[in-house]
Amino acid sequence: MLMLSYHEITATQTPYRYSVSEDRFAGQVRLAAQHGGVRFTFDDGHISQFQYGLPALEAYGAKGTFFVTAGWTGTPRMMDWPELRELTKLGHEVQAHGWQHRFMTECSPAELDQELRQPRETLEDRLGVPVDALSLPHGRWNPRVLSRCQELGYKRVFGSYPWFGRRERSRYPGLELIGRCNIVRDTSDEAFARMLQQGIDRQWLPRIRGTISAALRNSLGDRTYHRLWCLFARRDAADLPREYETATEPKGGTRL
Ligand SMILES: [Zn+2]
């Protein structure tokens, strides 16, 4: 199964790198429906996924997995409970993407528990559906985070690159580590079609990019790297909640 990940789906193309226009998205869903073996996943719970993404999924009978930052539900620009309920009613999955979108690798044990427990309990309680999957905010993880996911009963953890956790898979019995291909504004129709043809195991370009990113992150640290990422991704052009910035800043750190 080829897992794809999306963030914002917008009415028209925007400068934000992690947005895909409605038209382009509909084209991708159509192509994937013809091809088969593709799953659409969405991170953060942005309202645009419901407004501009859901109609295409429905039109082609595709089911999505929506990873929601549960503590943001109902805040400006994010989906609220009626939208999330509608998604589950239509047979789409709503799963967890942290409580406040913190870097889980930097959380204290109490914060990590909140990021993992609270979305699960809240989503299960409000939506009446089982929550057993998590997508890692910022794609960040370490053995402590994965062990805690396992201890708290998560069954599936989704990363943000295609080969996520491949080496670690046998270390966490009962926990499925699932890689994804990020689809961004600049993913051309040709690149998308190639991705479908090649499957998840042969995503060499993202792999090379990922190796460079990991090397940069190791040498610069998560913070500085994240700042560069924001510049590169045109984060300023994203329609994300203010908490996105505060939640990703360390205590006492400067704002982006
Ligand atoms: Zn996210």
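Which residue in β5 is the bridge partner of D43? It's F67, and that pairing is a handy place to start walking through this model, which is a predicted one. D43 and F67 belong to a parallel pair of strands, with five bridges joining β4 to β5. To get from β4 to β5 the chain passes through α2, and this β-α-β crossover is right-handed. Another bridge partnership between these two strands links F40 with G64 in β5.

Before going further, step back for the overall picture. The protein chain holds nine helices and ten strands. Of its 256 residues, 38% are buried. Contacts that reach a long way along the sequence matter for reading this fold: take the contacts with a separation of 6 or more, and 66% of them are between residues 24 or more positions apart. As for confidence, the average pLDDT is 88, and 89% of the residues score at least 70. The stretch to treat separately is residues 246-256, where pLDDT stays under 50. For that stretch the model has 13 contacts beyond four places in sequence.

Now back to β5. Five of its five residues are buried. In a regular strand the side chains alternate between the two faces of the sheet. You can see that split here: G64, F66 and V68 point one way, while T65 and F67 point the other way. Residues on both sides are buried.

What does β5 pair with besides β4? Strand β6 (residues 93-96) is a parallel partner of β5, over four bridges. F67 turns up again here, with Q95 as its bridge partner in β6. The connection has a familiar look, since β5, α3 and β6 make a right-handed β-α-β unit.

Going the other way from β5 takes you to β4, where six of the seven residues are buried. β4 also pairs with β1, in the parallel sense and over five bridges. Two of the partnerships are easy to find on screen: Y6 has F42 as its bridge partner in β4, and S5 has T41. β1 is mostly covered too, with four of its five residues buried. S5 has a further bridge partner, N182 in β10, and β1 and β10 pair in the parallel sense over two bridges.

With the strands in place, look at the helix that carries the chain from β4 to β5. Helix α2 covers residues 47-59, 13 residues in total. From its first C-alpha to its last it reaches 19 Å, close to the 18 Å expected at 1.5 Å a residue. There is a kink, though: about 45° at G53, shortly before the proline P55. Just after the helix, G61 takes a positive phi of about 65°.

Which residues of α2 are buried? They are S48, Q49, F50, Y52, G53, L54, A56 and L57. An α-helix has 3.6 residues a turn, so residues three or four places apart point the same way. Among the elements that cover the buried residues of α2 are the strands β1, β2, β4 and β5. Helices α1 (22-35) and α3 (81-89) also contribute to that cover.

One last stop is R180, in the loop between β9 (176-178) and β10 (181-182). Is this arginine buried or exposed? R180 counts as buried, because it has 24 C-beta neighbours inside 10 Å, and the cut-off for being buried is 20 or more. Leaving out residues up to four places away in sequence, R180 touches M3, L4, S5, T41, F158, G159, S160 and P162. Two of those names, S5 and T41, are the bridge partners we met between β1 and β4. How far apart are the C-alpha atoms of R180 and L2? They are separated by 7.3 Å, even though the two residues are 178 residues apart along the chain.

Note on methods. Residues are numbered from 1 along each chain as its sequence is written. This is a predicted model: local features need pLDDT of at least 70, side-chain atom pairs count only at pLDDT 80 or more; totals for chains, interfaces and linings use all residues. A residue is buried if 20 or more other C-beta atoms lie within 10 Å of its own, exposed if 12 or fewer, and partly exposed in between; C-beta atoms are placed from the backbone. Two residues are in contact if their C-beta atoms, placed from the backbone, lie within 7 Å. The expected span of a helix is 1.5 Å times one less than its number of residues. The bend at a residue is the angle between axes fitted to the seven residues ending there and the seven starting there. Two strands pair if DSSP finds at least two bridges between them. A crossover is right-handed if, with the strands pointing away from the viewer, the path from the first strand over the helix to the second runs clockwise. pLDDT is the predictor's confidence in each residue, from 0 to 100.
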